[in-house]
Amino acid sequence: MAKKWKITVDRDLCIGAASCVALAMKTFALDSENKAVVLEGEGDPPELIKLAAESCPTKAIILVDEETGEQEYP
Ligand code: SF4
């Protein structure tokens, strides 16, 4: 079964590298301050979101398992 993440971006850590946006365009976007924001809606498959989080050079993307509440990444 596919996992659902509660996704947050630590704005203090985000440096606007946009690798998350390149990988998961339906989940992340850059705002006017060049920081990543999490988009509402269906988004991308969990595997892709995990990849996007792993691609972040500053580990600014935090993934929490919605069911267990456990932090899965980083
Ligand atoms: S990959 Fe990380 S640093 Fe780059 S925009 Fe996304 S959250 Fe920010």
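A nonpolar core is a set of buried Ala, Val, Leu, Ile, Met, Phe, Trp, Tyr and Cys residues that are joined through C-beta atoms within 7 Å. The exercises below start from this term and concern a predicted model.

**Exercise 1. The core**

Find which residues of the largest nonpolar core touch the most other members, and which elements supply the core.

Step 1. The largest nonpolar core has 14 residues, and those that touch the most other members are Cys-20, Ile-49, Ala-52, Ala-53 and Ile-61.
Step 2. Turning to the elements, S1, H2 and S4 each supply at least two residues of this core, and H2 gives the most, with three residues.
Step 3. Take Ala-52 as an example: once its neighbours within four places in sequence are left aside, Ala-52 is in contact with Cys-20, Leu-23, Ala-24, Thr-27, Phe-28 and Ile-61.
Step 4. As background, nonpolar side chains in soluble globular proteins tend to be buried together.

**Exercise 2. The sheet**

Work out the order of the strands in the open sheet and explain why S1 and S5 each have one side without a neighbour.

Step 1. The open sheet is formed by three strands in the order S1-S4-S5, and their pairing is antiparallel.
Step 2. Strand S1 (5–9) and strand S5 (71–73) stand at the edges and have a single partner strand each, so one side of each is left without a neighbour in the sheet.
Step 3. From one strand to the next, the twist averages 30°.
Step 4. Five bridges pair S1 with S4 in the antiparallel sense, and within S4 the bridge partner of Val-9 is Ile-61.
Step 5. Strand S4 (residues 61–65) is joined to S5 by two bridges, again with the strands running antiparallel, and Leu-63 stands opposite Tyr-73 in S5.
Step 6. Helix H2 (residues 46–55) packs on the sheet, where it touches S1, S4 and S5, and its direction makes about 140° with that of S4.

**Exercise 3. Backbone details**

Locate Asn-34 and Lys-59, and decide whether each is buried or exposed.

Step 1. Asn-34 lies in the loop between strand S2 (28–30) and strand S3 (36–38), and its phi is near 65°, a positive value in a residue other than glycine.
Step 2. A residue counts as exposed if 12 or fewer other C-beta atoms lie within 10 Å of its own; Asn-34 has 11 other C-beta atoms within 10 Å, so Asn-34 is exposed.
Step 3. Lys-59 is placed in the loop between H2 and S4, and although Lys-59 is not a glycine, its phi is positive, at about 50°.
Step 4. With 12 other C-beta atoms within 10 Å, Lys-59 is exposed.
Step 5. A glycine with positive phi is found in the hairpin of S4 and S5, which has five residues between the strands: Gly-69 there has a phi near 75°.
Step 6. In the segment after S5 comes Pro-74, which a cis peptide bond joins to Tyr-73, with omega about -5°.

**Exercise 4. The ligand**

Describe the residues that surround the ligand, by name and by class.

Step 1. The ligand is surrounded by 15 residues, of which the closest are Cys-14, Ala-17, Cys-20, Ala-36 and Cys-56.
Step 2. Sorted by class, the shell around the ligand holds twelve nonpolar and three polar residues, and no charged ones.

Note on methods
Residues are numbered from 1 along each chain as its sequence is written. This is a predicted model: local features need pLDDT of at least 70, side-chain atom pairs count only at pLDDT 80 or more; totals for chains, interfaces and linings use all residues. A residue is near a molecule or strand if its C-beta atom, placed from the backbone, lies within 6 Å of it. Ala, Val, Leu, Ile, Met, Phe, Trp, Tyr, Cys and Pro count as nonpolar, Asp, Glu, Lys and Arg as charged, and the others, Gly among them, as polar. Two strands pair if DSSP finds at least two bridges between them. Helices (H or I, at least four residues) and strands (E, at least two) are DSSP runs, numbered from the N terminus. Axes are lines fitted to C-alpha atoms, for helices over the stretch in contact, and angles run from 0 to 180 degrees between N-to-C directions. Two residues are in contact if their C-beta atoms, placed from the backbone, lie within 7 Å. A residue is buried if 20 or more other C-beta atoms lie within 10 Å of its own, exposed if 12 or fewer, and partly exposed in between; C-beta atoms are placed from the backbone.
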